[in-house]
Amino acid sequence: MVLEEVKIDELNEIFDESSKKVLDYLLQRTVISYPEFLPNQNDTALYLEKKQCEQWIVQSLGLRPVGEGSYPIDGVDKKNGYDVSSLALGQTATGKMQSQTGEKSLGQKFDDDNFGQDGENLDSLFNSGDYETIIEAWQKILKKKWGQTIRDQNLENLYLINLVLYKPDNRLLIFLLKINYEKLDNISKEKISEKSVWIKNFIDPKIGNAKIYKSKKRLELRLKPKEFIKNKSFLNFKIENKVNTKNLREIFINKNKKNKYLLKETKKIKKFFSKLKD
């Protein structure tokens with residue numbers, strides 16, 4: 001498989017105890033400093049921004065940051081390169097964990113001249129049912145993307161770190177995938193719809209799926225968290241703190257309310273940092 005599940009032993013080697021402590025600290029501090037919700041506002045609006053998550057991993061693993069914007073990876077440690085992904089995970093109507101995460105784009109917004117010969121584009125290839133050419137084009141795109149990164153950074157291994165926020169349980173899950181880019185030659189068409197192609201041999205279907213979208217012109221990855229959890233191939237971080245619910249405009253209009261609230265917040269932050277001391 002192009003994307004391979006990293007088991008718990010290797011996961012714990014990469015994320016040692018110091019890494020876990022740093023990551024947990026950054027997670028808890030982020031929640032403490034998160035903007036207050038208004039009364040009656042849905043507090044599932046808690047959102048972890050991707051750039052922020054990238055910095056968590058750079059700090060916790062002691063990586064050398066590389067690239068900006070659309071660069072394929074976010075940090076390097078010796079011969080290992082890491083791409084950081086932030087994924088959403090919700091609940092079903094019956095309160096159970098959804099079977100799949102939100103999507104991670106593995107490549108997007110590529111020009112039509114990446115596909116086929118002169119005069120061909122992704123839309124025409126879908127219309128003609130030339131799915132082999134579509135997949136071959138994505139092979140070339142990903143080989144160039146990952147292969148060039150390995151050469152530029154002198155790497156031996158590439159990893160995709162997936163940070164999954166599961167709000168119903170107030171926890172952050174980490175799933176790690178190893179990128180075997182040399183196995184891109186083994187991918188093929190699995191199934192099709194009018195606007196999508198699912199890819200075979202990209203990732204074990206038990207833990208996720210990869211799909212090419214016609215309209216989005218991108219390749220997307222979705223993970224199946226229950227299987228990672230079943231295999232114990234994950235790290236778990238409990239979100240200990242809760243985002244406040246306050247109308248700050250009303251509080252700041254009144255001097256006494258403002259001072260009282262700021263004093264309370266100061267004590268809370270001091271307590272948080274005091275607990276970190278050895």
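The legends below describe one overall view and several close-up views of a predicted model.

**View 1. The whole protein chain, with 8 helices and 12 strands.** Helices (H or I, at least four residues) and strands (E, at least two) are DSSP runs, numbered from the N terminus. The C-alpha atoms fill a box of roughly 70 × 40 × 35 Å along the principal axes. Of the 278 residues, 44% count as buried, where buried means under 20% relative accessible area, exposed over 50% and partly exposed in between (1.4 Å probe, protein chains only). About 15700 Å² of the chain is exposed, and carbon and sulfur atoms supply 46% of that area. Accessible areas come from the Shrake-Rupley method with a 1.4 Å probe, and for residues only the protein chains shown count as cover. Contact means heavy atoms within 4.5 Å. Among contacts between residues at least 6 apart in sequence, 64% join residues at least 24 apart.

**View 2. Strands β8 and β9, a hairpin with 3 residues between them.** Two strands pair if DSSP finds at least two bridges between them. Strand β8 (residues 188–192) pairs with β9 in the antiparallel sense over 4 bridges. Ser188 stands opposite Lys200 of β9. Strand β9 is mostly covered, with 4 of its 5 residues buried.

**View 3. Strands β9 and β10, an antiparallel pair.** Strand β9 spans residues 196–200 and is joined to β10 over 3 bridges. Ser196 has Tyr213 of β10 as its bridge partner, and Trp198 has Lys211 of β10.

**View 4. Strand β10 (residues 208–213), with 6 of its 6 residues buried.** Both faces of the strand are covered. One side carries Gly208, Ala210 and Ile212, and the other carries Asn209, Lys211 and Tyr213.

**View 5. The hairpin of β10 and β11, with 4 residues between the strands.** Strand β11 (residues 218–223) runs antiparallel to β10, and 6 bridges join the two. Lys211 has Glu220 of β11 as its bridge partner. In this hairpin, Lys217 takes a positive phi near 55°.

**View 6. The largest nonpolar core, with 43 residues.** A nonpolar core is a set of buried Ala, Val, Leu, Ile, Met, Phe, Trp, Tyr and Cys residues joined through side-chain atoms within 4.5 Å. Leu177, Phe202 and Leu219 have the most contacts inside this core. The elements that give two or more residues to the core include β4 (80–89), α4 (122–128), β6 (157–166) and β7 (171–179), as well as β9, β10 and β11. Helix α5 gives the most, with 8 residues. Apart from this core lies another, of 31 residues, among them Ile14, Ile57, Tyr82 and Leu176.

**View 7. Leu219 and its contacts.** Neighbours within four places in sequence are left aside. Leu219 is in contact with Lys104, Ser105, Leu106 and Gly107, and also with Trp138 and Leu142. Its other contacts are Ile199, Phe202, Ala210, Lys211 and Ile212.

**Notes to the views.** Residues are numbered from 1 along each chain as its sequence is written, and side-chain values use heavy atoms, with hydrogens and water left out. In this predicted model, local features need pLDDT of at least 70 and side-chain atom pairs count only at pLDDT 80 or more, while totals for chains, interfaces and linings use all residues.
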